[in-house]
Structures are given as C-alpha cells and as structure tokens.
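Trainee: I am new to this structure. Could you take one part and walk me through it closely?

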Amino acid sequence: MHPHLHTKTNRGCEEVMTALDECHARGFIHKLFGGCNDIKTQVNKCLRAERLERTAKNRELAKQKREKTLAMWKEIDENS
C-alpha cells in the first residue's frame, strides 16, 4: 500500500505515478494478471527514495535545533 500519490511531496515521482495511473486505467483484468506490477515496484522505489531524503533532511534540521537549544540552556546556566 502506498500513500496518496499526486501530492506536493512526491513531485519527483510524477512520471512513474502517471504511468501507474494509466496502467490502472486499462482495467481490472490487466491489473489482476500483474500488468502493473513492474510500474508499481518503480513507484514504491521512487517514493521510498523521496521519503529517505525527507527524513534525512528533517533529522539534520532537528539536530541543528537541538544544538541551538542546548547552547541557549548552557548560556542561561552560565549567567545564573
């Protein structure tokens, strides 16, 4: 299962997601016999890569915020 596809956070996967939508539009039987499996795998890989990129960026931002907070507490302790 994947999240909602066409969102602002998934812009890098737009081509693959459009291909998956087109494949799904071919009908139920096409999907039933695995006609969209390869494209679905590509979508999953693309979404995973974007998620990993986002989490790395968020982790770095959180680290910077934490360092700033610790510096502020250190300054407060020194001035008390």
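What follows is a close look at one helix and the parts that pack against it.

Trainee: Please take helix H3, residues 37–79. Which of its residues are buried, and what covers them?

Mentor: One caution before the details. This is a predicted model.

Start with the whole protein. Its secondary structure comes to three helices and zero strands. From the N terminus on, the elements run α-α-α. H3 is the helix you asked about, and it holds 43 residues.

Now check its length. At 1.5 Å a residue, H3 should span 63 Å. Its end C-alpha atoms are 63 Å apart, so the expected span and the model agree.

Set that beside the overall outline. The C-alpha atoms of the protein fill a box of roughly 75 × 20 × 15 Å along the principal axes. The radius of gyration gives another view. A compact globule of 80 residues would have a value near 12 Å, but this protein has 21 Å. Burial can be put in numbers too: 14% of the 80 residues count as buried.

Next, your question about burial. In H3, the buried residues are Val43, Cys46, Leu47 and Glu50. Their cover includes helix H1, residues 14–25. Look at Val43 in particular. Leaving out residues up to four places away in sequence, Val43 touches Leu5, Val16, Met17 and Leu20.

Several of these names return in the largest nonpolar core. That core has nine residues: Leu5, Cys13, Met17, Leu20, Cys23, Cys36, Val43, Cys46 and Leu47. H1 and H3 each supply at least two of them.

Four cysteines stand in that list: Cys13, Cys23, Cys36 and Cys46. Turn to their bonds. The structure holds two disulfides.

Take the one that reaches into H3. Cys13 and Cys46 form a disulfide, with their sulfur atoms 1.8 Å apart. The link is left-handed, with -100° about the S-S bond. Cys13 lies in the segment before H1 and Cys46 in H3, so the pair ties together parts that are 33 residues apart in sequence. Are these two cysteines buried or exposed? Cys13 has a relative accessible area of 0%, so it is buried. Cys46 has 18%, and the cut-off for buried is under 20%. Cys46 is therefore buried as well.

The other link is made just before H3 begins. Cys23 and Cys36 form a disulfide, their sulfur atoms 2.0 Å apart. This link is left-handed too, at -100° about the S-S bond. Cys23 lies in H1, and Cys36 lies in the loop between helix H2 (28–32) and H3, so this pair ties together parts that are 13 residues apart in sequence. Cys23 is buried, with a relative accessible area of 5%. Cys36 is buried at 4%.

Put both links in order. Numbering the bonded cysteines along the sequence, the pairing is 1-4, 2-3.

Two wider values round this off. Among contacts between residues at least 6 apart in sequence, 47% join residues at least 24 apart. The accessible surface of the protein comes to about 6800 Å², and 55% of this belongs to carbon and sulfur atoms.

Back to H3, in brief. Its buried residues are Val43, Cys46, Leu47 and Glu50. H1 is among the parts that cover them. One of the four, Cys46, is also bonded to Cys13.

Terms used:
Residues numbered from 1 in each chain as written. Predicted model: local features only at pLDDT ≥ 70, side-chain atom pairs only at ≥ 80, totals over all residues. Heavy atoms only, no water. Helix = DSSP H or I, 4+ residues; strand = E, 2+ residues; numbered from the N terminus. Expected span 1.5 Å × (residues − 1). Buried < 20%, exposed > 50% of the residue type's maximum accessible area, 1.4 Å probe, protein only. Contact = heavy atoms within 4.5 Å. Disulfide = S-S within 2.5 Å. Rg over C-alpha atoms; globule rule 2.2 N^0.38 Å. Areas by Shrake-Rupley, 256 points an atom, 1.4 Å probe, with all protein chains shown as cover. Core = buried A, V, L, I, M, F, W, Y, C linked by side-chain atoms within 4.5 Å.
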